[in-house]
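Trainee: Please take a close look at the binding site in this model, and then follow the chain outward from the site. I would like one connected account with the distances stated.

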Amino acid sequence: MNQQCIFCRIVAGEVPAEIVGQSDGAIAIRDRNPQAPSHILVIPRRHAATLAEYVGQAKPEEVGSAFSMASKLGRDANPAGYRVVVNEGRDGGQTVDHVHIHVLAGRPMHWPPG
Ligand code: AMP
Ligand code: ZN
């Protein structure tokens, strides 16, 4: 756990969040600045700054389980479709340096993304 990391503090229960899913390896919360009618973040419990660090450190089953949670939450939010996004780095639009999977649903998504 990284005391300076907002998502580590949410995982530890030190900062409040609306939790919508939990597993051994990850939690899911509602994004506080939603970009779609349903905007959920799947946050691995382990602190890894980026997707690259996460897949380098975690077992494949652990990574798979986080994406399983994302797909289940996306389908539950809208069986007609949803979008999963991971931003990495400055040019990827990452603002919180603890890996997380965005699950956006509840409106038609556009392509290419911004
Ligand atoms: P990213 O830009 O991909 O790093 O995404 C970070 C996301 O975390 C943004 O969509 C923020 O709205 C969201 N976020 C940041 N702090 C919190 C928080 N305390 N609770 C819920 N969502 C948060
Ligand atoms: Zn963290």
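Mentor: A molecule sits in a pocket if more than half of its atoms lie within 2 Å of the grid points of that pocket, and a pocket is here an open set of points, on a 1 Å grid over the protein atoms alone, with protein on both sides within 12 Å along at least five of seven lines. The model is a predicted one, and in it ligand 1 sits in the largest pocket.

Around ligand 1 there are 16 residues, of which Asp31, Asn87, Thr95, Val96 and His102 come nearest. Helix H1, residues 6–11, and strand E2 each supply at least two residues of this shell, and H1 gives the most to it, with three residues.

Turning to the polar atoms, an N or O atom in the side chain of asparagine 87 is 2.8 Å from an oxygen atom of ligand 1, and for the side chain of histidine 102 the distance from one of its N or O atoms to an oxygen atom of the ligand is likewise 2.8 Å. With arginine 32 the backbone takes part, since one of its N or O atoms lies 3.2 Å from a nitrogen atom of ligand 1. On its own, ligand 1 has 500 Å² of accessible area, and the protein covers 88% of that area.

From the shell we can follow strand E2, which spans residues 26–30 and holds arginine 30. Arginine 30 has a relative accessibility of 36% and therefore counts as partly exposed, because that class lies between the 20% limit for buried and the 50% limit for exposed. Valine 20 is 10 residues away from arginine 30 in sequence, yet their C-alpha atoms are 7.1 Å apart in space. Once neighbours within four places in sequence are left aside, the contacts of arginine 30 are Glu18, Val20, Ser38, His39 and Ile40.

One of those contacts, Ser38, leads on to strand E3, residues 38–44, where serine 38 has its place. Serine 38 has a relative accessible area of 12%, so this residue is buried. With the same neighbours in sequence set aside, serine 38 is in contact with Arg30, Ala77, Val103, Leu104 and Ala105.

Further along the chain, the segment after strand E5, residues 101–105, contains proline 112. The peptide bond that joins tryptophan 111 to proline 112 is cis, with omega near 0 degrees.

Methods. Residues are numbered from 1 along each chain as its sequence is written. Chains are lettered from A and ligands numbered from 1 in the order in which they are written. This is a predicted model: local features need pLDDT of at least 70, side-chain atom pairs count only at pLDDT 80 or more; totals for chains, interfaces and linings use all residues. Side-chain values use heavy atoms; hydrogens and water are left out. Helices (H or I, at least four residues) and strands (E, at least two) are DSSP runs, numbered from the N terminus. Buried means under 20% relative accessible area, exposed over 50%, partly exposed in between (1.4 Å probe, protein chains only). Contact means heavy atoms within 4.5 Å. A residue is near a molecule or strand if one of its heavy atoms lies within 4 Å of it. A polar contact is a pair of N or O atoms within 3.5 Å; within protein, one must be able to donate a hydrogen and the other to accept it, and residues adjacent in sequence count only if both atoms are side-chain atoms. Accessible areas come from the Shrake-Rupley method with a 1.4 Å probe; for residues, only the protein chains shown count as cover. On a 1 Å grid over the protein atoms alone, a cavity is a set of points where a 1.4 Å probe fits but cannot get out, and a pocket is an open set with protein on both sides within 12 Å along at least five of seven lines; lining residues have an atom within 4 Å of a point.
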